[in-house]
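Here is a short report on cysteines, one helix and one pocket. Please look over the structure first.

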Amino acid sequence: MKQIITILVVWLCCTAGAQGQTFTSQAIPDSVWLTMQGKTWHDNPYIRRSDLRYLRISHYDLEGRVHVGEMICNKLIADKLLAIFRELYAAHYPIQRMRLPDNYDADDERQMRDNNTSCFNYRNVSGSRNLSKHARGLAIDINTLYNPYIRYSKKDGSRIVEPATAVKYCDRKATFPYKITTSDLCYKLFIKHGFTWGGAWRTMKDYQHFEYKLR
């Protein structure tokens with residue numbers, strides 16, 4: 001009898017834990033859409049509201065605390081992202097923060113300094129007039145402070161680091177938390193699901209960045 005009770009208690013705990021996880025995708029709620037206006041969303045000929053999805057995702061931080069984050073992405077990758085983040089959650093992979101960029105007035109520098117993880121933001125590639133993959137909700141940036149974007153000025157060859165507070169994390173041989181490498185679970189899962197990694201680019205490095213290329 002005691003053994004049966006013990007098994008039942010364990011089963012109930014596991015069930016409660018599974019039910020407590022949040023991995024959902026839906027059309028963008030009106031309240032979220034209103035918040036996006038003039039921030040991550042601008043009227044354009046390339047993408048519509050109906051092309052996007054609003055995700056809620058459970059994740060651990062470095063201290064082992066569980067949070068439920070928010071993300072906007074292209075509907076074409078919504079299921080892929082949920083599958084990836086389910087596996088990251090199961091492995092207790094640390095993601096410090098997952099807030100909509102609208103909380104930072106869509107200021108990419110601000111959200112990167114806060115180590116925020118996000119996807120959709122209708123904006124250009126940094127230092128360019130070309131639209132970013134983020135503008136179509138097909139790119140995601142993970143743990144952005146510890147995995148900076150590094151490029152070199154065409155004028156004088158000087159190094160530009162974004163966010164500007166991430167200079168010490170440019171040394172990828174150093175040991176520090178939240179670092180993405182090719183041996184990292186995050187990297188392996190995104191590659192498995194058809195994404196490419198900015199950390200493998202030749203002329204610049206974007207260690208936080210994964211993007212999905214449509215076939």
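## Cysteines

A disulfide here is a pair of cysteine sulfur atoms within 2.5 Å. This is a predicted model, and a search of the whole structure finds zero disulfides.

Why is Cys170 not bonded to Cys186? The sulfur of Cys170 lies 19 Å from that of Cys186, the closest cysteine sulfur, so the two are too far apart for a bond. Cys170 is also buried, at 12% relative accessible area. Cys186 takes part in no disulfide either. For Cys186, the nearest cysteine sulfur belongs to Cys119, 13 Å away. Cys186 is buried, with a relative accessible area of 0%.

## Helix H5

Cys186 sits in helix H5, which spans residues 185-192. Tyr187, Leu189 and Phe190 of H5 are buried, as is Cys186. What do the buried residues of H5 pack against? Their partners are helix H3 (78-90) and three strands: E4 (139-141), E7 (195-197) and E9 (209-212).

Asp184 caps the N-terminal end of H5. One of its side-chain oxygens is 3.2 Å from the backbone nitrogen of Cys186. After H5 comes Gly194, with a positive phi near 95 degrees.

## Largest pocket

The largest pocket holds about 280 Å³ of space. Its lining counts 19 residues. Nearest its centre are Val125, Ser132, Trp201, Asp206 and His209. Helix H4 (108-113) and E9 are the elements that give two or more residues to this lining. E9 is also a packing partner of the buried residues of H5.

By class, the lining has eight charged, six nonpolar and five polar residues.

Notes: Residues numbered from 1 in each chain as written. Predicted model: local features only at pLDDT ≥ 70, side-chain atom pairs only at ≥ 80, totals over all residues. Heavy atoms only, no water. Buried < 20%, exposed > 50% of the residue type's maximum accessible area, 1.4 Å probe, protein only. Helix = DSSP H or I, 4+ residues; strand = E, 2+ residues; numbered from the N terminus. Contact = heavy atoms within 4.5 Å. Polar contact = N/O pair within 3.5 Å; in protein donor to acceptor, adjacent residues only side chain to side chain. 1 Å grid on protein atoms, 1.4 Å probe; cavity = no way out; pocket = protein on both sides within 12 Å on 5 of 7 lines; lining within 4 Å. Points joined across faces, edges and corners; volume = space filled by probe spheres on them. Nonpolar A, V, L, I, M, F, W, Y, C, P; charged D, E, K, R; others polar.
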